[in-house]
Amino acid sequence: MPSQHWPYVTPGIPDELFEQLPGIPFSQREVRLLLIAQLRLKPDSVFWDIGAGTGTIPVEVGLLCPQGKIIAVERDEEVANLIKRNCDRFDVKNVEVLEGSAPECLHEIKTVPHRVCIEGGRAIQEILQAVWDYLPPSGRVVATAANLESLYAISQSFSQLQARNIEVVQSAVNRLETRGFSQTFTAVDPIFILSGEKLD
């Protein structure tokens, strides 16, 4: 159900409509759209977002999948509260925020995921392994990498886990911005989006 802040069924909420905290990362709109496309969601999907940050992905998925269940995992209490505020801001009722560090806290989640997004995290390989154990056949994982080390770690994990239908997308987005009296294009930080499926 669309909210008063975003009365559309189309995903892609502008970044400035979300409440943000200094230094807390968030998925920018264009990258968010690419990431959501890789999730291949269904109306009733159970979705885990690990390292949910500002909560942009849980909010968008919550609006897209009104019969779905979204679990946003975030280790920092202040950031977890920020996710809750952003869900309230957009009248999203199907997001549960779990405060804790992955992968240790994942056993607290009582619903098996159909789709999982992993956004960052120092223990990316351990998180991927743990998630894979919860994932049912045909489950799908999408992970983001902002640097070469994360890209390598995720790729290596997908190989070890024998993930199938692997896709890798790198964003290359430029936004028009006004600077002084002129308009110029500014690059959004590029990011790798990797996805894979568990088929056995």
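Reader: In S9, which residue is the bridge partner of Val 142?
Author: In this predicted model, the bridge partner of Val 142 in S9 is Ser 195. Val 169 likewise has a bridge partner in S9, namely Ile 193.

Reader: What makes S5 and S9 a pair, and in which sense do they run?
Author: Seven bridges join S5 and S9, in the antiparallel sense. Pairing requires at least two bridges, so the two strands qualify.

Reader: How many bridges support the pairing of S6 with strand S9?
Author: S6 and S9 (residues 192-198) pair over five bridges, again in the antiparallel sense. Because at least two are needed, this too counts as a pair. One bridge in which S9 takes part is that between Gln 170 and Phe 192.

Reader: In what order do the strands of the sheet lie, and what is the pairing?
Author: The open sheet has seven strands in the order S3-S2-S1-S4-S5-S9-S6, with mixed pairing.

Reader: Which are the edge strands, and what makes them so?
Author: Strand S3 (95-99) and strand S6 (164-170) each pair on one side only, and they are the edge strands. From one strand to the next, the twist averages 15 degrees.

Reader: Which strands does helix H3 touch as it packs on the sheet?
Author: Helix H3 (residues 77-89) touches strand S2 (69-74) and S3, and its direction makes about 175 degrees with that of S3. Angles run from 0 to 180 degrees between N-to-C directions, so H3 and S3 point in nearly opposite directions.

Reader: Which strands does helix H5 touch as it packs on the sheet?
Author: Helix H5 (residues 148-160) touches strand S5 (139-145), S6 and S9, and its direction makes about 10 degrees with that of S9.

Reader: How do you know what span is expected of H5?
Author: H5 has 13 residues, and at 1.5 Å a residue the expected span is 18 Å. From first C-alpha to last, H5 reaches 18 Å, close to that expectation.

Reader: Which residues of H5 are buried?
Author: Leu 151, Ala 153, Ile 154, Ser 157 and Phe 158 are buried in H5. Seen down the axis of H5, its buried residues fall within an arc of 165 degrees, so they line one face of the helix. Their cover includes helix H4 (124-134), S5, S6 and S9. On the other side of H5, the exposed residues are Leu 148, Glu 149, Tyr 152, Ser 159 and Gln 160.

Reader: Why is Gln 38 counted as buried or exposed?
Author: Gln 38, which lies in helix H1, has a relative accessibility of 11%. Buried means under 20%, so Gln 38 counts as buried. Leaving out residues up to four places away in sequence, Gln 38 touches Arg 140, Val 142, Glu 167, Val 169, Ile 193 and Ser 195. The C-alpha atoms of Gln 38 and Ser 195 are 6.7 Å apart, although the two residues are separated by 157 residues along the chain.

Reader: Why is Asp 15 called buried or exposed?
Author: Asp 15 lies in the segment before helix H1 (29-39). Its relative accessibility is 7%, and the cut-off for buried is under 20%, so Asp 15 is called buried.

Reader: What makes a polar contact with the side chain of Asp 15?
Author: The side chain of Arg 175 does, at 2.7 Å. The limit for such a pair is within 3.5 Å, so the distance criterion is met. Apart from neighbours within four places in sequence, the contacts of Asp 15 include Gln 20, Phe 26, Arg 32 and Arg 175.

Note on methods:
Residues are numbered from 1 along each chain as its sequence is written. This is a predicted model: local features need pLDDT of at least 70, side-chain atom pairs count only at pLDDT 80 or more; totals for chains, interfaces and linings use all residues. Side-chain values use heavy atoms; hydrogens and water are left out. Helices (H or I, at least four residues) and strands (E, at least two) are DSSP runs, numbered from the N terminus. Buried means under 20% relative accessible area, exposed over 50%, partly exposed in between (1.4 Å probe, protein chains only). A polar contact is a pair of N or O atoms within 3.5 Å; within protein, one must be able to donate a hydrogen and the other to accept it, and residues adjacent in sequence count only if both atoms are side-chain atoms. Contact means heavy atoms within 4.5 Å. The expected span of a helix is 1.5 Å times one less than its number of residues. The arc is that of the directions from the helix axis to the C-beta atoms.
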